[in-house]
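Please work through the exercises below with the sequence and the model at hand. Each task is followed by a solution in steps.

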Amino acid sequence: MKQGVLTVLVVLLFWGMAGGANPPMSEETEACLRCHRSVTPGIVADWERSRMARVTPAAARSMISKKRRVSYDCIPNTIERIVVGCAECHSISIGIHDDTFDHNGFPVHVVVTPDDCAVCHPVEAEQYGKNIMSHAYGNLQNNGVYRALVDETNAVQTFQHGKTTPGRPNEQTDADACLYCHGTVVQVQGATTRPTAFGDMSFPVLSGWPNQGVGRINPDGSKGSCAACHTRHQFAIQMARKPSTCSECHKGPDVPAYKVYEVSKHGNVYGGLRDEWNFKAVPWTVGKDFSAPTCAACHVSLLVSPDGEVISERTHQMNDRLSWRIFGLIYAHPHPKSPDTTIIKNRAGLPLPTELTGEPSSEYLIDAAEQEARRANMKGVCLSCHGANWVDGQFARLENTIHTTNDMTLTATKILLAAWDQGAARGLAQKDSIFNEALEKKWVEQWLFFANSTRFASAMMGADYGSFDNGRWYLSKNIQEMMDLLELKRKR
Amino acid sequence: MKQGVLTVLVVLLFWGMAGGANPPMSEETEACLRCHRSVTPGIVADWERSRMARVTPAAARSMISKKRRVSYDCIPNTIERIVVGCAECHSISIGIHDDTFDHNGFPVHVVVTPDDCAVCHPVEAEQYGKNIMSHAYGNLQNNGVYRALVDETNAVQTFQHGKTTPGRPNEQTDADACLYCHGTVVQVQGATTRPTAFGDMSFPVLSGWPNQGVGRINPDGSKGSCAACHTRHQFAIQMARKPSTCSECHKGPDVPAYKVYEVSKHGNVYGGLRDEWNFKAVPWTVGKDFSAPTCAACHVSLLVSPDGEVISERTHQMNDRLSWRIFGLIYAHPHPKSPDTTIIKNRAGLPLPTELTGEPSSEYLIDAAEQEARRANMKGVCLSCHGANWVDGQFARLENTIHTTNDMTLTATKILLAAWDQGAARGLAQKDSIFNEALEKKWVEQWLFFANSTRFASAMMGADYGSFDNGRWYLSKNIQEMMDLLELKRKR
Amino acid sequence: MKQGVLTVLVVLLFWGMAGGANPPMSEETEACLRCHRSVTPGIVADWERSRMARVTPAAARSMISKKRRVSYDCIPNTIERIVVGCAECHSISIGIHDDTFDHNGFPVHVVVTPDDCAVCHPVEAEQYGKNIMSHAYGNLQNNGVYRALVDETNAVQTFQHGKTTPGRPNEQTDADACLYCHGTVVQVQGATTRPTAFGDMSFPVLSGWPNQGVGRINPDGSKGSCAACHTRHQFAIQMARKPSTCSECHKGPDVPAYKVYEVSKHGNVYGGLRDEWNFKAVPWTVGKDFSAPTCAACHVSLLVSPDGEVISERTHQMNDRLSWRIFGLIYAHPHPKSPDTTIIKNRAGLPLPTELTGEPSSEYLIDAAEQEARRANMKGVCLSCHGANWVDGQFARLENTIHTTNDMTLTATKILLAAWDQGAARGLAQKDSIFNEALEKKWVEQWLFFANSTRFASAMMGADYGSFDNGRWYLSKNIQEMMDLLELKRKR
């Protein structure tokens, strides 16, 4: 009962404080709000609900370590004791913004980047730079093999004289498809004048816009977008911690993490009990604030036990808990050492982390010791709820699945090689695309859809996603359909 | 603090009012409830939670314009000052109900229709009549081409002497499949006597029942069902405004709006923050009541800014904000002028809004100026949170996607024509169905599944639904699979 | 107003009681918690939130019948007046646990089984034993036909000399795929010593672990896992009643119940209004606690009307409300009499409830009278919200769908037989697997995916899941694709 009364008092106190005296905002932000309250009322109201609008960097910095959400001790004097508003993010910056323009006398840049967020959150920005996600644009577009897959997927094909021909890649289409998640290159292409409620005004014209992909190339030269997960303009931690946020890019057949989570036991608990959880607490207490992990709990968040002991440190690198890269290329393989995967070359000279027949390009990949260390990091999270026997059994199954799905990919690859050899398709030897024919596309689906799905199901207990829903059933059926095509289309 | 105290007082006052004195109900409704409280307790309890059960039409009418939910000023005296209960909807009507029967001395009709709702909501009913949805039954069943597709899809096929033959269409199957959403024809087929807790009673026998499809043909001659979205018997506005309601008919591969929304940034925000939103407020205030749109926000609801300025008027026509019809037929095309699309004939004489090769049947479709006006309507909603550059970029991508997906459909169509020509399939020239063979079904999937999915993804930021999940990957693969069939099955 | 004040008082009273005096726990459980609070803090906190941790069996037993959640009157004295904690479930048991080991001086078994739960919940455990789910392991693994399907699905295939060969089944893969839901055999394989925070300790090594499949074969010889639905360690009734719990095993294309529910009108209401429902009340009052059924409402829960009249009794047998088995084998058929389906033999000598051509193996299946009785059970639930005409119409459609989908499966089967006959595939006569070739896999998809999906859509109003999303469109397309393969691959 005493605790209850105390809670009420604390709430009232906090309420009084919150309602009574909001911290000051900068004159610049006040100027922004004067017009934007009516011009873009939605985002202003959204920001007003945010923590940014209520807590100054100085107050944020003064919290004890585990509760802190800013990671810098030398926040500039100019913004230390004001709330972080429009001007603070769209005006101040570390780098030089090509998209800065004069807006009613203020220098404003349109695109807020990780370098801008780094003013208060440098540790997170630095970690994210080591995250393979931040290189998602270049890893796709500057890799010849992947680029060929993108082109064959996105090109418009025409049919003439009994043949199909792919057109030239379309920039708008790429931005709408692969680069929606991987990120576009945002560049200033000039300026335009628009009529507004306050008279004609000049604005920069940006190509690759809008985009919030995780590897976006920004006008200040930085990579990525924090808003991919920390959605503007409320930047609510409860949103970043909920799996729906990850679903934006992790739901397709190529990377079905969210779908698998949804039907996993963890996802079931989330579905059943999330209304009773606290998604805002920092640090995030296992068992007290939530009773089953979300994506963020295993891959990102600072977790503590009810006694306050750290279970896992916050990370924005994410792959530092992952020993295998279970999607992203033809065979599952140990994680690349560098987030820039364009530097990788296999023995055959292709920019791939394995040979076409599966052997890893080991010099570019983490070694067994590092794999074990990362696995131990992840197991640490599991062990806060599960016994060692349980956890070891779970990880042993994942290892088995990695090997069997790689084997099933190898079988599909051998059929493809036979098809090229026997004239059932035209491939490397014929200097033809390896992604353009139906049989080749089936080979792609073997690893990009079915092996990936099976591995995600195994990693996160996805049951049917490892069986009938893009799982082993399809791995097996797809091979037989490739065999039929080989038989029916063979020329020699 | 002051505001908090005020809130408490207002809540208490409202509570007192609500609990203290419910408005009167009609004697007829009281009579209904006397039995139905025990016969169908679920729907009675559901109705008791509804606004209908607590607010009289007179009280509803007396609210200031933007808060009003009834759109008529001359509500009949008989129901003006009572709550709207069983008898008011199932007994009173504008039209003549074929399904009216004597039920314990009361004339009761089973099926409540838009004409019944129009007693208090005539503007909504009228708008809905202009909505293409209200014609969903006839547009499907009275269009020869579409009807053929329905028949080939729903028929039971038999196999004999090495050939398959489709059976006659099955009425129950149609009602269970296409007409579940499009609406059935509900007709009185006679009467039946059933034993009940109150002795034997006579009830009408209805064909096409149950059904709540959006284009249902009702026993009073009206079209549609308000309950398709305003689910009986709570008719909760918070439900109509949540996207799950739309998922009932907009989740399949043919029209994946809900799936796309779920993974879109808007859907992510909804997933993460909806618990903190107010889904009941009328009008609906952008930024204050919600921070990302649901389906209703963009397509239906009356939206205002926190200052009370109207951002978009309520509409039940819905297509008045849509410049393109991105699904529903072979090629995306400007919206039809009339909601009755059976009047359309292309130059080839087919009831289609475009030629088989994509050219629009322009005289039946809205012109560029009307397209631009509708686009501006929709952009008005976007601009309450996004800058003009962002919004224009988004719409430019959609336009590009409409053109590229139409091009990919044209390519598939040309392959189909070649297949007919070369004997790989039997089509129009052979007076055979254009929907019955595997190759033809692949052609249908090109536009009905893959082009549609890609367009929805583009319109609503669906990422993978425009890439690997029924998106461009399939547009491209499907063409190659059609090419293989053409090669393998060609006879001449 | 008065009611409001009363509510506040009751809440305060309850709060005081709850906070003031938790019932005692056993010394053994206290000993467990002393270490496990830091070793596995997540599950300890989870359990502390559970009803088990707050209510003694004696208190639970003392409630009036409809509110009771324990079904035994002779709960052992030893646990009657303490809360049910770690030791009570992991130490006490009816049967002999092979997995019992000495743990700090206490005999502890790792795997808690239905026989353990039966100490307080014997009626539920007994009902569950009659549920076909409890036999899910044996029904799959001890049925030659099904076992062959499992093997072909899960085996790694190799490609050599132009042929594919399936490898030997992999135990880990089976556990990760089919047996994830069906249940593994959990067996003690020895012991291992692990370093722990409290020094080296010995633990049993279990094969088939982890697993919580519904038909798990436990180390005490019992079948199943209550935790499949009553998720450890909170065992929250609100979770078991929410459909996400069922999605773990009922979401794939083979049994898409959850997907269908999501888009059904019932699922839409759940999606829109669940925040306002009471998922904890026992009994569960239709209309008052919820306004549309979840999976549990129709298939499991004790439902009453607002007047307290029983609408349906609680059951853990579940199939006692189901007249047809709409998935699980080649043709939909009346439910088997025995939950052990391995005893079934059709006239052709195969362990199937129908012939390959669809005729039911009637002596093993419930008869028409029992079907009617079960149908009446289910209709009783529907009738609490719907009129008889509505309900009859709904069930008539399901019957029609069962017949038409069986017919479409028969057509596919005839094509398969023709393919075997004409050398387009190798089947029974050639002593070859009936599940290994592409054409045979298409036949499997006809019943396992498309007929099942169509039937679920029909049973639960799934709209597009009976049309374009794995529904009739695919039933029809698949037959034509089988015809193409028959034509292209026929040898004679």
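The exercises treat a helix pair, the relation between two chains, and strand pairing.

This is a predicted model, in which local features need pLDDT of at least 70, side-chain atom pairs count only at pLDDT 80 or more, and totals for chains, interfaces and linings use all residues. Residues are numbered from 1 along each chain as its sequence is written, chains are lettered from A and ligands numbered from 1 in the order in which they are written, and side-chain values use heavy atoms, with hydrogens and water left out.

**Exercise 1.** Determine how helices α18 and α19 of chain C cross, and which residues meet.

Step 1. Helices (H or I, at least four residues) and strands (E, at least two) are DSSP runs, numbered from the N terminus. The axes of α18 (residues 368-382) and α19 (residues 388-421) of chain C come within 10 Å and cross at roughly 135°. α18(C) is therefore oblique to α19(C) (angles under 35 degrees count as roughly parallel, over 145 as roughly antiparallel, 65 to 115 as roughly perpendicular and the rest as oblique). Such axes are lines fitted to C-alpha atoms, for helices over the stretch in contact, with angles running from 0 to 180 degrees between N-to-C directions.

Step 2. On the α18(C) side, C:Arg375, C:Met378, C:Lys379 and C:Cys382 meet C:Val391, C:Asp392, C:Phe395 and C:Glu399 of α19(C), where contact means heavy atoms within 4.5 Å. The residues of this contact divide into four nonpolar, no polar and four charged (Ala, Val, Leu, Ile, Met, Phe, Trp, Tyr, Cys and Pro count as nonpolar, Asp, Glu, Lys and Arg as charged, and the others, Gly among them, as polar).

**Exercise 2.** Identify the operation that superposes chain C on chain B.

Step 1. The operation is a rotation of 120° with 0.0 Å of shift along its axis, at an RMSD of 0.0 Å. That is the relation of a three-fold axis. Copies are superposed by least squares on the C-alpha atoms of residues with pLDDT of at least 70 in both.

Step 2. C:Leu488 comes closest to the rotation axis of the residues of chain C, at 4.4 Å (C-alpha).

Step 3. Only 4% of the interface residues of chain C are also interface residues in chain B, so the copies meet through different surfaces.

**Exercise 3.** Describe the pairing of strands β3 and β4 of chain B.

Step 1. Strands β3 (residues 157-160) and β4 (residues 163-166) of chain B pair in the antiparallel sense over four bridges; two strands pair if DSSP finds at least two bridges between them.

Step 2. B:Gln157 has B:Pro166 in β4(B) as its bridge partner. The hairpin has two residues between the strands, and B:His161 takes a positive phi near 50° in it.
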